[in-house]
Amino acid sequence: MFKFFKSIKANKAAKAAEAASSAPAADGKRILVVDDNPVDRQALSLMLTAKGHQVLLAESGEDAISLINTEKPDLILLDMDIQAHSSTIGGVFRDGLMVIDWVDRINPANQIPVFIVSSLSPEQYEKRARDNGITTFFRKPVDKEKLHEAITQTFSKPPTGQPA
């Protein structure tokens, strides 16, 4: 009986998070969360919607590329280890940074900030990420206050090429 009630609460929480993530943001940003783990996607979604952001969810590199092209997010939170549930596009296997490489090749003028959110050790990806211009990294589980601080700092900076 306990499991039944727990399951109902989990389903209600998941439905509320989905509804909140699809609601338009009042003053917030459109943030794409790319993670193959549904629990991590929902946790990040709840953190972001609580601060008024609109959240787009992708579980694979292919989903992320599609949403980047159609929805034009303001920020991407990208898991590095998404290849377990990704298939191939044009014969190229997708991991987190391969998604960014692909987006940059298609639209080099598109400068969407990217935060890496991963349970992997940073030594496994940090140099490659920095070579792609990514400088913000979070280790899972994500500290929501630090995440919100980084988002605020990112969007308080003037766009590239404009004076501060």
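This report describes the fold, helix packing, aromatic pairs and selected loop residues of a predicted model.

## Overall architecture

The protein chain has 164 residues, 38% of which count as buried. Its secondary structure consists of 6 helices and 7 strands. In sequence order, these elements follow the pattern α-β-α-β-α-β-β-β-α-β-α-β-α.

Among contacts in the protein chain with a separation of 6 or more, 65% are between residues 24 or more positions apart. The accessible surface of the chain amounts to about 9600 Å², and carbon and sulfur atoms contribute 55% of that area.

## Packing of helix 3 and helix 4

Helix 3 spans residues 61-71, and its buried residues include Gly61, Glu62, Ala64, Ile65, Leu67 and Ile68. Helix 4 covers residues 96-106; its axis and that of helix 3 come within 10 Å and cross at roughly 35°. The crossing of helix 3 past helix 4 is right-handed. On the helix 3 side, the contact is formed by Gly61, Ala64, Ile65, Ile68 and Asn69, while helix 4 contributes Val99, Trp102 and Val103.

Lysine 72 follows just after helix 3. This residue is placed in the loop between helix 3 and strand 3, the latter comprising residues 75-78. Its phi is near 50°, a positive value in a residue other than glycine.

## Aromatic pairs

A pair of aromatic rings is described by the distance of the centres and the angle of the planes. The structure holds 2 aromatic pairs. In one of them, the ring centres of phenylalanine 115 and phenylalanine 138 are 5.9 Å apart and the planes are at 45°, so the pair is classed as tilted. Phenylalanine 115 belongs to strand 6 (residues 114-118) and phenylalanine 138 to strand 7 (residues 136-139); the pair therefore ties together parts 23 residues apart in sequence. Both phenylalanine 115 and phenylalanine 138 are buried.

Tyrosine 125 and phenylalanine 137 also form a tilted aromatic pair, with 5.9 Å from centre to centre and 35° between the planes. Tyrosine 125 is located in the loop between strand 6 and helix 5 (126-131), whereas phenylalanine 137 is in strand 7, and the two are 12 residues apart. Tyrosine 125 has a relative accessible area of 4% and is therefore buried. Phenylalanine 137, at 22% relative accessibility, counts as partly exposed, because the buried class requires a value under 20%.

## Surroundings of phenylalanine 155

Phenylalanine 155 is a residue of helix 6, the helix that covers residues 144-156. With a relative accessible area of 29%, phenylalanine 155 is partly exposed. The charged end of lysine 29 sits over the ring of phenylalanine 155, at 4.8 Å from the ring centre. Along the chain, lysine 29 and phenylalanine 155 are 126 residues apart, yet their C-alpha atoms are separated by 9.0 Å. Leaving aside residues up to four places away in sequence, phenylalanine 155 touches Lys29, Asp74, Leu75 and Pro113.

## Proline 113 and its contacts

Proline 113 occupies a position in the loop between helix 4 and strand 6. Its relative accessible area is 25%, so proline 113 is partly exposed. With residues up to four places away in sequence excluded, proline 113 touches Asp74, Leu75, Ile76, Thr154 and Phe155. Between proline 113 and aspartate 74, the C-alpha to C-alpha distance is 7.2 Å, although the two residues are 39 positions apart in sequence.

The contacts of proline 113 and phenylalanine 155 can be read together. Asp74 and Leu75 are touched by proline 113, and phenylalanine 155 touches Asp74 and Leu75 as well.

## A cis peptide bond after strand 7

The peptide bond joining lysine 140 and proline 141 is cis, with omega of about -5°. Proline 141 is found in the loop that runs between strand 7 and helix 6. Strand 7 is also the location of phenylalanine 138 and of phenylalanine 137, which take part in the tilted pairs with phenylalanine 115 and tyrosine 125, respectively.

Terms used: Residues numbered from 1 in each chain as written. Predicted model: local features only at pLDDT ≥ 70, side-chain atom pairs only at ≥ 80, totals over all residues. Heavy atoms only, no water. Phe/Tyr/Trp six-rings, centres within 6.5 Å; stacked < 30°, edge-to-face > 60°. Helix = DSSP H or I, 4+ residues; strand = E, 2+ residues; numbered from the N terminus. Buried < 20%, exposed > 50% of the residue type's maximum accessible area, 1.4 Å probe, protein only. Lys NZ or Arg CZ within 6 Å of the ring centre and 35° of its normal. Contact = heavy atoms within 4.5 Å. Areas by Shrake-Rupley, 256 points an atom, 1.4 Å probe, with all protein chains shown as cover. Axes fitted to C-alpha atoms, helices over the stretch in contact; angles between N-to-C directions. Left-handed = near helix turned anticlockwise from the far one by under 90°.
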